[in-house]
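Colleague: Please take one part of this model and look at it closely, setting it in the context of the rest of the chain. I would like to follow the reasoning residue by residue, so far as the coordinates allow.

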Amino acid sequence: MKCMKWLLVLALGVAMGLAAVGCGGGDDDGSGDPLVGTWVGTAFNGQALPAGISMTVTLRDNGTATGTTMINGVPDSYSGTWSASGGTLSITDADGTESLGCTVEGDTLTLTDATGAFTLQRQ
């Protein structure tokens, strides 16, 4: 369970670091940024997230993001800034800066790092 919590926290941090530039995809909200909006985690490495675990991330066009990971009813909230270029994300939050990959296809966002791939759906 500790490993899953760490992976979800990592995914949330990754999602907070997203920007439209370099991630590719369509513009669904009219802002010019295909990632602006609210995203809900659905899977890790193709497996549905376990019962009792949820993740929501809101990305804003001003470069800020907020998110909440819920594990067995206990929320953990985050905030930070995000930018991306050439398919590589730069995530800056209280823990520092991290880089990883992302793709957007329609309403599906996929975040990848050395641990695997997280899938999020536009809400």
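Modeller: Let me fix one term before anything else: a residue counts as buried when its relative accessible area is under 20%, as exposed when that area is over 50%, and as partly exposed in between. By that criterion, buried residues account for 40% of the 123 residues in the protein chain, and I should add that the model is a predicted one. The secondary structure consists of one helix and nine strands, and along the sequence these follow the pattern α-β-β-β-β-β-β-β-β-β. The surface that the protein chain exposes comes to about 5900 Å², with carbon and sulfur atoms supplying 53% of it. If one takes the contacts between residues at least 6 apart in sequence, 50% of them join residues at least 24 apart.

The part I have chosen is strand E4, which covers residues 64–71. In a regular strand, side chains alternate between the two faces of the sheet, and E4 shows such an alternation: Ala65, Gly67, Thr69 and Ile71 point to one face and are buried, whereas Thr64, Thr66, Thr68 and Met70 point to the other face and are not buried.

On one flank, E4 pairs in the antiparallel sense with strand E3 (residues 53–59), over seven bridges. Within this pairing, Thr69 of E4 is the bridge partner of Met55, and Thr69 is also one of the residues on the buried face of the strand. The hairpin that E3 and E4 make has four residues between the strands, and Gly63 there adopts a positive phi near 90°.

E4 also runs antiparallel to strand E5 (residues 74–85), to which eight bridges join it. Here Thr66, from the face of E4 that is not buried, stands opposite Ser79 in E5. Two residues lie between E4 and E5 in their hairpin, and Asn72 in the turn has a positive phi of about 50°. Most residues other than glycine have a negative phi, and Asn72 is therefore worth a second look: its phi is positive although it is not a glycine. Asn72 is found in the loop between E4 and E5, and with a relative accessible area of 55% it is exposed, being over the 50% limit. Asn45 is another residue other than glycine with a positive value, its phi being near 50°; Asn45 sits in the loop between E1 and strand E2 (47–48) and is partly exposed, at 42% relative accessible area.

From E3, the partner of E4, one can move on to the interior. In soluble globular proteins, nonpolar side chains tend to be buried together. The largest nonpolar core has 16 residues, of which Leu35, Trp39, Leu59, Leu109, Leu111 and Leu120 touch the most other members. Two or more residues of this core come from each of strand E1 (37–44), E3, strand E7 (96–105), strand E8 (108–113) and strand E9 (116–122), and E3 gives the most, with three residues.

Two of these contributors, E7 and E8, run antiparallel and are joined by five bridges, with Thr103 standing opposite Thr110 in E8. Their hairpin has two residues between the strands, and Gly106 in the turn has a positive phi of about 60°.

The one salt bridge in the count involves this same loop region: Arg122 forms it with Asp107, the closest N and O atoms being 3.1 Å apart. Since Arg122 lies in strand E9 and Asp107 in the loop between E7 and E8, the pair ties together parts that are 15 residues apart in sequence. Arg122 is buried, at 18% relative accessible area, while Asp107 is partly exposed, at 37%.

Strand E9 also takes part in the one aromatic pair that a search of the whole structure finds. Phe44 and Phe118 form this pair in a tilted arrangement, 4.4 Å centre to centre and with 45° between the planes. Phe44 belongs to strand E1 and Phe118 to strand E9, and the pair thereby links distant parts of the chain, 74 residues apart. Both rings belong to buried residues, with Phe44 at 12% relative accessibility and Phe118 at a relative accessible area of 3%.

To return to E4, the strand is paired on the E3 side over seven bridges and on the E5 side over eight, and its side chains alternate between a buried face and one that is not.

How values were computed:
Residues numbered from 1 in each chain as written. Predicted model: local features only at pLDDT ≥ 70, side-chain atom pairs only at ≥ 80, totals over all residues. Heavy atoms only, no water. Buried < 20%, exposed > 50% of the residue type's maximum accessible area, 1.4 Å probe, protein only. Pairing = 2+ DSSP bridges. Core = buried A, V, L, I, M, F, W, Y, C linked by side-chain atoms within 4.5 Å. Salt bridge = Lys/Arg side-chain N within 4 Å of Asp/Glu carboxyl O. Phe/Tyr/Trp six-rings, centres within 6.5 Å; stacked < 30°, edge-to-face > 60°. Contact = heavy atoms within 4.5 Å. Areas by Shrake-Rupley, 256 points an atom, 1.4 Å probe, with all protein chains shown as cover.
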